[in-house]
Amino acid sequence: MKTIFTLLTLLALTSVTTGFAQTTYTVNSNSSYSASCSNCVFNIADNVTLTIKNTGTCNGCTFNGGNIEVEHTITCQPCSFNDNNITLDNQSIKPNSNTTSFKNVVLTATGNSAIIANTAVTITNSVFTFNNNSYFNNSGGQLDISNSSLNFFGNAYFIANAGPVNLKNGSKLVVGNGLLASNAYIKMNGPALNIYDATSSIILSNYNNYYFNWGSYNSLSNNKTFTTTYPTTASTLNCGGAGQNACGMWGAPTVYGPSAFNFAGVASMNALLPVLLTNFAATTANNQVALNWTTQQELNAAYFSVERSAIGSAWENIGTVPAKGNATALSSYTYADAAPLNGAAFYRLVVVDLDGSKSYSSTKTVRALLVKEISFYPNPAINNVHISLNSTSETTIQLMNQSGQVLQEQKVAGNTALVSFNVQQYPRGMYILKVATADGTTQTGKLLVAR
């Protein structure tokens, strides 16, 4: 059994379907939710916010799309987050059983917010940014991070009491935002840290950012045909000098920045101010896909490569946008895909530095339901005009006069081939035909009525 609801207000959301049934909420306007939920699916429209208030336990909850503001701790048993912008302000998400997943998610945590994982977690194509005193506590099981960046700024931190912690496919843990005031850190309390490829790494941005681990970390190939172990105890990187922290005694396992841990070991770096990519979004309008993103700061950035895929892999470059290079203020960027794919398409950004190194954004998915061309005949028309459609979505066709008054309108399902209007009742003159698809794509054409 499947039950479908439309979210309207907090008061309207007091009953849910439990047991093995699934309850689906369609969220088309800013809404609030306050209840425990079992097997619930929340489909949130673009640019719409679902506010989580006083929620207890989510047993098998799925959140698709839109914005999520967490105003009360969520306990997930488990949860699946897909294509969301999640905001945590002094609140927590607590994965508590099975595997909670985040895919194509931008998560921003402020204050004393936290992700407290007491079970396995997977993070894919996502960017998590922890600010102030927020943190990620992995205490339940395996943490798989793929094509994602987890940023720990201010005094934020990552602590692992369970694992392993696996970095794959260009994933990064970035500790600190380049400012000496940041005391962000990583602490490994026993579990293995595995780096699976040459593009994945841990970056410690400055002298007061550090990595703590009594054990070694492992460099593995994706097929696990070889493993190299790198110890980090007794490190003397970036310590003991002027303005630096004192080096630890008796092999204390602390490594300070600026440094990087990667597939080839641990190395000191120049002071790092990473490219902080935020607010990456993809929207459709007027037969185009508009990409917009901002950076909070940049150092030695060369350009952004815009990539597109029909299947979420096998990426192709469709354009480049020059970066500011070096900036500490907010910078905004745009790119328009003027020839998008018809149907689902995936977009991501590749940040290319002056030295050729690369990092990747989260992936955004759009569905461009395109009106390829308005085709209608005869023109001029005397009795009837026939409109030939090439759209896969629900389409609205309007006949209007020159003043914009709608004279006739038809709404038809996707893949309708032909629509006809009778025009013999209208005086001779110029009229407008307008075709609009469900995603907001429109196209117009002029029609001459000759009588």
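These are my notebook entries on sheets, buried residues, cavities and a pocket in a predicted model.

**Entry: strand 18 and its neighbours**

I started with strand 18, residues 127–130. I checked both of its faces. Val127 and Thr129 lie on one side, and Phe128 and Phe130 on the other. All four are buried, so I noted both faces as covered.

Next I looked up the pairing. Strand 15, residues 106–110, runs parallel to strand 18, and four bridges join them. Within that pair I picked out alanine 109, whose bridge partner in strand 18 is phenylalanine 130. Strand 21, residues 149–152, also pairs with strand 18 in the parallel sense. Four bridges are found there too. Here threonine 129 stands opposite asparagine 151 of strand 21.

**Entry: cavities**

I then searched the whole structure for enclosed space. How many cavities of 30 Å³ or more turn up? The search gives two.

The largest cavity has a volume of about 50 Å³. I listed its lining: Val106, Val127, Leu277, Thr278, Asn279, Phe280, Ser361 and Ser362. Val127 was already in my notes as a buried residue of strand 18. Which strand gives the most to this lining? Strand 34 does, with four residues. By class I wrote down four nonpolar, four polar and no charged residues.

The second largest cavity holds about 30 Å³. Its lining consists of Ser235, Cys239, Ala246, Cys247, Gly248, Ala252, Thr254 and Tyr256. Five of these residues are nonpolar and three are polar. I found no charged residue in this lining.

**Entry: second largest pocket**

Strand 34 came up again when I turned to the second largest pocket. About 600 Å³ of space lies in this pocket. I noted 23 lining residues. Which of them lie nearest the centre? They are Asp46, Asp83, Ala282, Thr365 and Val366. Two elements give two or more residues to the lining: strand 34 (277–285) and strand 41 (364–368). Strand 34 gives the most, with five residues. The classes divide into seven nonpolar, 11 polar and five charged.

**Entry: two buried polar side chains**

I looked up asparagine 84 next. It is found in the loop between strand 11 (79–82) and strand 12 (85–89). Is asparagine 84 buried or exposed? Its relative accessibility is 0%, so it counts as buried, the cut-off being under 20%. I then searched for a polar partner. A polar atom of the asparagine 84 side chain lies 2.9 Å from the backbone oxygen of glycine 65.

Glutamate 307 was my second case. It sits in strand 36, residues 301–309. Why does glutamate 307 count as buried? Its relative accessibility is 14%, and buried means under 20%. Its side chain joins that of arginine 348 in a polar contact of 2.8 Å.

**Entry: the four-stranded sheet**

I moved on to an open sheet of four strands. I wrote its order as 45-44-47-48, with antiparallel pairing. Which strands are at the edges? They are strand 45 (406–412) and strand 48 (442–449). Each of these two pairs on one side only. Neighbouring strands of this sheet are turned by 20° against each other on average, direction ignored.

I checked one pairing in detail. Strand 44, residues 395–400, is joined to strand 45 by six bridges, and the two run antiparallel. Threonine 396 has lysine 411 of strand 45 as its bridge partner.

**Entry: the three-stranded sheet**

My last lookup was an open sheet of three strands. The order is 42-43-46, and the pairing is antiparallel. I recorded strand 42 (375–377) and strand 46 (418–422) as its edge strands, each pairing on one side only. The average turn between neighbouring strands here is 20°, again with direction ignored.

Strand 42 pairs with strand 43, residues 384–388, over three bridges in the antiparallel sense. I looked for the residue opposite serine 375 and found serine 388 of strand 43.

How values were computed: Residues are numbered from 1 along each chain as its sequence is written. This is a predicted model: local features need pLDDT of at least 70, side-chain atom pairs count only at pLDDT 80 or more; totals for chains, interfaces and linings use all residues. Side-chain values use heavy atoms; hydrogens and water are left out. Two strands pair if DSSP finds at least two bridges between them. Axes are lines fitted to C-alpha atoms, for helices over the stretch in contact, and angles run from 0 to 180 degrees between N-to-C directions. On a 1 Å grid over the protein atoms alone, a cavity is a set of points where a 1.4 Å probe fits but cannot get out, and a pocket is an open set with protein on both sides within 12 Å along at least five of seven lines; lining residues have an atom within 4 Å of a point. Grid points are joined across faces, edges and corners, and a volume is the space filled by probe spheres set on the points. Ala, Val, Leu, Ile, Met, Phe, Trp, Tyr, Cys and Pro count as nonpolar, Asp, Glu, Lys and Arg as charged, and the others, Gly among them, as polar. Buried means under 20% relative accessible area, exposed over 50%, partly exposed in between (1.4 Å probe, protein chains only). A polar contact is a pair of N or O atoms within 3.5 Å; within protein, one must be able to donate a hydrogen and the other to accept it, and residues adjacent in sequence count only if both atoms are side-chain atoms.
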